[in-house]
Amino acid sequence: QVQLVESGGGLVQAGGSLRLSCAASGRTFTMRRMAWFRQAPGKEREFVAALTWSSGSIVYLDSLKGRFTLAGDNAKYTVSLQMNTLKPEDTAVYYCAADKAGGGIAYDYWGQGTQVTVSA
């Protein structure tokens, strides 16, 4: 099992920045990817960005490229999400997720989520 704990959410004005962090513990050596998802009120959960540990490759939701930056520390198994030039439509609960090596498409582990609210 892997446990994920997010931190760093909060309230910010439009145009501002926030940095989210996610720390993994447990059987971290089994992880293939760590990722961020978000879910806005009344909407489905949406992929934000993901890091593959073995290759270091990072992928983003196209519409977020240039504003959001994901970084990982493989010594500590933590990932961060730097969010700049925030917009009210970025308001959502942001979730950290991880999956197991050899697993399928779906993510196996989820954090409890952290609220990000961007005021106009």
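**Tryptophan 110 and its neighbours**

I began with tryptophan 110 in this predicted model, and at 35% relative accessibility I have to enter tryptophan 110 as partly exposed. I then asked what lies over the face of its ring, and found arginine 45 there, at 4.4 Å from the ring centre. I followed arginine 45 further and noted that its charged end also sits over the ring of tyrosine 95, 4.1 Å from the centre of that ring.

**Aromatic pairs**

I searched the whole structure for aromatic pairs and came away with five. One of these I wrote down in full: phenylalanine 37 and tyrosine 107 are arranged edge-to-face, with 5.2 Å from centre to centre and 75° between the planes. I checked where the two partners sit in the chain, and they are 70 residues apart, phenylalanine 37 belonging to strand β4 and tyrosine 107 to the loop between β9 and β10 (109–110).

Are these two rings buried or exposed? I have phenylalanine 37 at 11% relative accessibility, so it counts as buried, and tyrosine 107 at 13%, so that ring counts as buried too. Tyrosine 107 also pairs with tryptophan 110, and because the planes stand at 65° with the centres 6.3 Å apart, I recorded this pair as edge-to-face as well. I closed this entry with the cluster to which these rings belong, made up of Phe37, Phe47, Tyr107 and Trp110.

**Nonpolar cores**

I next looked up the largest nonpolar core, which holds 29 residues, and listed the members that touch the most others: Leu4, Met34, Trp36, Leu81, Met83 and Tyr94. I asked which strands feed this core, and noted that at least two residues each come from β1 (2–7), β3 (18–26), β4 (31–39), β5 (46–52), β7 (68–73), β8 (78–83), β9 (92–100) and β11 (114–119). A second core, separate from this one, has five residues, among them Ala35, Phe37, Ala50 and Tyr107. For leucine 4 I went through the contacts beyond four places in sequence, which include Cys22, Met34, Cys96, Tyr109 and Trp110.

**The sheet with β1**

I traced an open sheet of four strands, ordered β1-β3-β8-β7 and paired antiparallel. I marked β1 and β7 as the edge strands; each has a single partner, so one side of each is left without a neighbour in the sheet. On average, and with direction ignored, I have neighbouring strands of this sheet turned by 15° against each other. Between β1 and β3 I noted six bridges in an antiparallel run, and I found serine 7 opposite serine 21 in β3.

Definitions and conventions
Residues are numbered from 1 along each chain as its sequence is written. This is a predicted model: local features need pLDDT of at least 70, side-chain atom pairs count only at pLDDT 80 or more; totals for chains, interfaces and linings use all residues. Side-chain values use heavy atoms; hydrogens and water are left out. A nonpolar core is a set of buried Ala, Val, Leu, Ile, Met, Phe, Trp, Tyr and Cys residues joined through side-chain atoms within 4.5 Å. Buried means under 20% relative accessible area, exposed over 50%, partly exposed in between (1.4 Å probe, protein chains only). Contact means heavy atoms within 4.5 Å. Rings of Phe, Tyr and Trp (its six-membered ring) pair if their centres lie within 6.5 Å; planes under 30 degrees apart count as stacked, over 60 as edge-to-face and the rest as tilted. A charge sits over a ring if NZ of Lys or CZ of Arg is within 6 Å of the ring centre and within 35 degrees of the ring normal. Two strands pair if DSSP finds at least two bridges between them. Axes are lines fitted to C-alpha atoms, for helices over the stretch in contact, and angles run from 0 to 180 degrees between N-to-C directions.
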